[in-house]
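Student: I'm new to this one. Could you take me through its salt bridges and how we know what to call them?

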Amino acid sequence: MAKQAVETTEALRRLRLFNEKAEKLQRCSFIEKVFRPDHGVTIHFGEDQPLTVEKQGADEEATDALTLTLRFFFNQRDGISLSQMRELYEALPVPDEEKRKARDAFGRYDGFLNSGIGVVFKGHALTNWNVLETVLYGDLAHANDNKRPIFEEWREAAPFGTLVQFYYEEAVARVVQFVVACQQFNEELIGRLESVQAGPAK
């Protein structure tokens with residue numbers, strides 16, 4: 001009985017922390033700068049001018065601020081990465097139908113990450129995960145030895161560097177949408193677990 005209480009307490013801690021960080025994501029100015037109709041890129045070229053790309057979206061400060069919180073949903077240290085939440089959902093006393101819905105949602109999320117962005121760079125067809133992982137761990141959140149050289153190569157291949165910023169914003173927008181969906185599911189789970197923790201009414 002005591003073991004179950006500890007597990008419930010830990011699960012509640014992680015669910016609440018996840019939701020706290022999800023709320024913080026949604027307060028970032030990145031959201032209003034990317035979730036708008038004119039988010040995109042404009043390509044300029046002409047007979048007497050080089051090819052250039054102009055991005056309409058988040059600025060550097062907004063992207064950096066959001067990324068600081070976004071790391072929680074990928075890093076394993078705090079127990080609230082999306083992969084860890086997937087495992088938590090399976091372990092919790094949730095009806096099978098709810099677990100199936102969660103699995104289906106994660107399946108669609110995985111499908112998005114693994115889908116191509118329609119860009120081939122030096123013979124390599126890039127996926128949303130390629131862009132997310134490389135920009136996150138090669139520049140914004142870390143300077144990973146494996147990812148940094150790739151990021152620098154992208155950045156130096158003008159105007160591809162600007163396109164990468166746009167694709168990163170697009171991918172992050174989808175991640176944020178998925179995080180918010182998990183947040184809503186978590187609210188239901190928190191209510192159930194709090195009831196379990198409180199025990200039967202007397």
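Tutor: Sure! The count comes to 15 salt bridges, a salt bridge being a side-chain nitrogen of Lys or Arg within 4 Å of a carboxyl oxygen of Asp or Glu. This is a predicted model, where local features need pLDDT of at least 70 and side-chain atom pairs count only at pLDDT 80 or more, while totals for chains, interfaces and linings use all residues. Residues are numbered from 1 along each chain as its sequence is written, and side-chain values use heavy atoms, leaving out hydrogens and water.

Student: Why is the contact of Glu194 and Arg16 called a salt bridge?

Tutor: Their N to O distance is 2.7 Å, and the cut-off is within 4 Å, so the name fits. Glu194 sits in helix H8 and Arg16 in helix H1, 178 residues apart. Helices here are DSSP runs (H or I, at least four residues), as are strands (E, at least two), numbered from the N terminus.

Student: What makes Lys122 count as exposed?

Tutor: Its relative accessibility is 66%. Exposed means over 50% relative accessible area, buried under 20%, and partly exposed in between (1.4 Å probe, protein chains only), so Lys122 counts as exposed. Lys122 forms a salt bridge with Glu153, with the closest N and O atoms 2.4 Å apart.

Student: And how do you know that Glu153 is partly exposed?

Tutor: Glu153 has a relative accessible area of 33%, so it falls between the two cut-offs.

Student: What separates Glu152 and Arg148 in helix H7?

Tutor: About one helical turn, because they are four residues apart. They form a salt bridge too, with the closest N and O atoms 3.1 Å apart.
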